[in-house]
Amino acid sequence: MPHLSADDPPEAPATFDAALRQAIRRRGLPLQRVCDRLAERGIRISPATLSHWQRGRSLPERPQSLRAVRKLEEILAVPHGHLVGLLQPHRPRGRARTRGQDVAVSRRVFAPGSEVERALGDAFALFNRDIAPVSVHEAVRVAEDRCVRHLSVTQVLRAVCDGPDRLTLVHQVDEGVPPDVDITVHCGSLGAVRTEESLRCVVADILLGRPLRRGETAVVRYEVDFRSGPAASSFYERRVRTNLREYLLHVSFAPGAVPASCHKYYRRRTDAPREQVTRLVVDASRTAHLYPAKCTPGVHGLHWAWPSAQDGAG
């Protein structure tokens, strides 16, 4: 069973409106005074707007409003990025949502006709729409044959509305590898599993044990064992649909499979080119990791190059 917490602790509200309300109360500032301090910084927001935000009647959406939220973090003495991190990107304007995320959240990351959309079919519109990851830690092991053979993932999830009872996974495997991987769930329980061999995808549900309430969190932890393939692996990446508070990707290489070079990168969408490419050092324990300061929607990953036969001979 997953580890569930019925309520977030008082110092860490689960939603933007609750966090803003708590921060204003702790500072003891009237809404008009908060607006005055924003005006001193060149941002004009009405007390009525602030009242709507802290009551959950609407959310900041426009660039000016998001600038105001960043300044509010300074004025209210909350950690940098705390309030902004509680906002789901590009939510519909107006009243706060009572249902899950729109399919557009997925389409901003997954290109039209992506393998994930084709593997899920009509269910793509419902793809984890009622639940969002807060943090993700994953450890990847590359074996002596230079193939990714093992993956261990721990996720902290938060319900964005009442009712979600599962997390859906879609993992792609290297070309030429059968997608009938072995999945072991340690927090949660394994539900339906199916493979899409033509797409090199395995789709699985991790059951949370019961429906979550809005704002409730759950921890899932699972491992995936991949069969060895005919071609060496050269990258690993995660598709992120909403802002993560924390993402850690830790790749370990077997003693006989140490890459010649390793880089981290970001892609805006699954069909976009790599950008923000930065060289990483593979340390003495033969590992490299990615830990972005801000994990925004898009594709985050590591890629590596293997020594050539000539290099090995030298």
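**Close-up views of a predicted model**

**View 1. Asn 128 counts as buried, because its relative accessibility is 10% and the cut-off for burial lies at under 20%.** The model is predicted, and this view is centred on the loop between α7 (115-120) and β2 (131-142), where Asn 128 is found. The backbone of Asn 128 has a phi near 45°, which is a positive value in a residue other than glycine.

**View 2. Arg 286 is another non-glycine residue with a positive phi, here of about 65°.** Arg 286 belongs to the loop that runs between β12 (275-280) and β13 (287-290). With a relative accessibility of 30%, Arg 286 counts as partly exposed, because that class covers the range between the buried limit of under 20% and the exposed limit of over 50%.

**View 3. Phe 124 and Phe 127 form one of the aromatic pairs, of which the structure holds 5.** The ring centres of Phe 124 and Phe 127 are 6.5 Å apart and the ring planes meet at 25°, so the pair is classed as stacked, the cut-off for that class being planes under 30 degrees apart. In general, a pair of aromatic rings is described by the distance of the centres together with the angle of the planes. Phe 124 is buried, as is Phe 127. Ring pairs also bring in Phe 110, so that Phe 110, Phe 124 and Phe 127 are linked into a cluster.

**View 4. Arg 241 lies over the face of Phe 127, at 4.9 Å from the ring centre.** Phe 127, the ring beneath this arginine, is a buried residue and a member of the cluster that also includes Phe 110 and Phe 124.

**View 5. Arg 274 lies over the face of Phe 235, with a distance of 6.0 Å to the ring centre.** This view shows the arginine together with the ring of Phe 235, over whose face it is placed.

**View 6. The whole protein, with 8 helices and 14 strands, gives the setting for the close-up views.** Of the 314 residues in the protein, 47% are buried. Where contacts join residues at least 6 apart in sequence, 73% of them are between residues at least 24 apart. The accessible surface of the protein comes to about 15500 Å², and carbon and sulfur atoms account for 49% of that area.

How values were computed: Residues are numbered from 1 along each chain as its sequence is written. This is a predicted model: local features need pLDDT of at least 70, side-chain atom pairs count only at pLDDT 80 or more; totals for chains, interfaces and linings use all residues. Side-chain values use heavy atoms; hydrogens and water are left out. Helices (H or I, at least four residues) and strands (E, at least two) are DSSP runs, numbered from the N terminus. Buried means under 20% relative accessible area, exposed over 50%, partly exposed in between (1.4 Å probe, protein chains only). Contact means heavy atoms within 4.5 Å. Accessible areas come from the Shrake-Rupley method with a 1.4 Å probe; for residues, only the protein chains shown count as cover. Rings of Phe, Tyr and Trp (its six-membered ring) pair if their centres lie within 6.5 Å; planes under 30 degrees apart count as stacked, over 60 as edge-to-face and the rest as tilted. A charge sits over a ring if NZ of Lys or CZ of Arg is within 6 Å of the ring centre and within 35 degrees of the ring normal.
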